[in-house]
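Colleague: Walk me through this one, please, and back up each term as you use it.

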Amino acid sequence: MELYLDTADVAAVKRLARVLPLQGVTTNPSIVAKAGISLWEVLPALQDALGGEGKLFAQVIASQADEMVKEAQLLTTRVPGLVVKVPTTPEGLVALKQLKLLSIPTLGTAVYGAAQGLLAALAGAEYVAPYVNRLDAQGGDGIQMVQDLQQLLTLHAPDSKVLAASFRTPHQAMSCLLAGCEAITLPLDVVEQILVTPAVTAAIGGFEKDWQGAFGSLTL
């Protein structure tokens, strides 16, 4: 399983890299814009926050295939090892096929349907990113879509991985893992929900109170 953070918050990545078994960080144009830092500044900073290791993902901005390919080449030249995110549009599928021939690793993003995700994988995407919560917000079933996509890739494109994205709750993320997803990317608020549980905090507080009451200190 591969665990990623979906953020451009360098300080948060550095803090959480101490705690979590991270494989890297995913970004998109909105995330980078929210951070207010140039892409060429934030990507090396994120790499440093990961301790110089880990996989980074960044997305092309162009909408036409030829320009997508040029931007992908620029990204991977400036940041070696980067995985290029390409929207799974008709033009994006053309770009994914071309980038596969150039041996540039890609992720097919903005996936709202299992068939759309399968096409991205067949075009050569190493990863396919279904948008779970965004589909739920439109009245769909994000978890069912991920289950269907995972089955399709297992049957027809086993060299590609589902990298599930767009979560609001830990339950959504865990449901994707139970569906067989090999990778997920979590926003910071969902990570905090997983790490900080009121019941756990209360239980530890009880242990400390009982120990101190019996022995007068909080040391062994």
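Modeller: Let's start with α5, which lies across β4 and β5 and runs at about 155 degrees to β4. It's a predicted model, so local features need pLDDT of at least 70 and side-chain atom pairs count only at 80 or more, while totals for chains, interfaces and linings use all residues. Residues are numbered from 1 along each chain as its sequence is written, and side-chain values use heavy atoms, with hydrogens and water left out.

Colleague: What would you call an angle of about 155 degrees to β4?

Modeller: Roughly antiparallel, because that label covers angles over 145 (under 35 is roughly parallel, 65 to 115 roughly perpendicular, the rest oblique). Angles run from 0 to 180 degrees between N-to-C directions, with axes fitted to C-alpha atoms, for helices over the stretch in contact. Contact here means heavy atoms within 4.5 Å.

Colleague: How do you know that β4 and β5 are paired?

Modeller: Two strands pair if DSSP finds at least two bridges between them. Strand β4 (residues 83-87) and strand β5 (residues 106-111) have four, and they run parallel. For instance, Val-84 is bridged to Thr-106 in β5.

Colleague: And what counts as a helix or a strand?

Modeller: Both are DSSP runs numbered from the N terminus: H or I of at least four residues for helices, E of at least two for strands. The protein chain has 11 helices and eight strands. Eight strands make a closed barrel in the order β1-β2-β3-β4-β5-β6-β7-β8, with parallel pairing, and the twist from one strand to the next averages 25 degrees.

Colleague: What closes the ring at β1?

Modeller: Strand β8 (residues 183-186) pairs with β1 in the parallel sense over four bridges, and Tyr-4 has Thr-185 of β8 as a bridge partner. β1 also has three bridges to strand β2 (residues 24-26), again parallel, with Asp-6 opposite Thr-26.

Colleague: Why do you say β1 is largely enclosed by the rest of the structure?

Modeller: Buried means under 20% relative accessible area (exposed is over 50%, partly exposed in between, with a 1.4 Å probe and protein chains only). Five of the five residues of β1 (residues 2-6) are buried, so the strand is largely enclosed. Glu-2, Tyr-4 and Asp-6 are buried on one side, and Leu-3 and Leu-5 on the other. Over the protein chain, buried residues make up 46% of the 220.

Colleague: Back to the helices: why is α4 called oblique to α5?

Modeller: The axes of α4 (residues 65-78) and α5 (residues 90-101) come within 8 Å and cross at roughly 45 degrees, and that is what makes α4 oblique to α5. The crossing is right-handed: by that we mean the near helix is turned clockwise from the far one by less than a right angle, anticlockwise being left-handed. Contact residues include Met-68, Val-69 and Ala-72 of α4 and Val-94, Ala-95 and Leu-99 of α5.

Colleague: What makes up that contact by class?

Modeller: Seven nonpolar, two polar and two charged residues. Ala, Val, Leu, Ile, Met, Phe, Trp, Tyr, Cys and Pro count as nonpolar, Asp, Glu, Lys and Arg as charged, and the others, Gly among them, as polar.

Colleague: How do the axes of α6 and α8 cross?

Modeller: At roughly 35 degrees, coming within 9 Å, for α6 (residues 114-123) and α8 (residues 142-156). α6 passes α8 in a right-handed crossing. Their contact has nine nonpolar, two polar and one charged residues.
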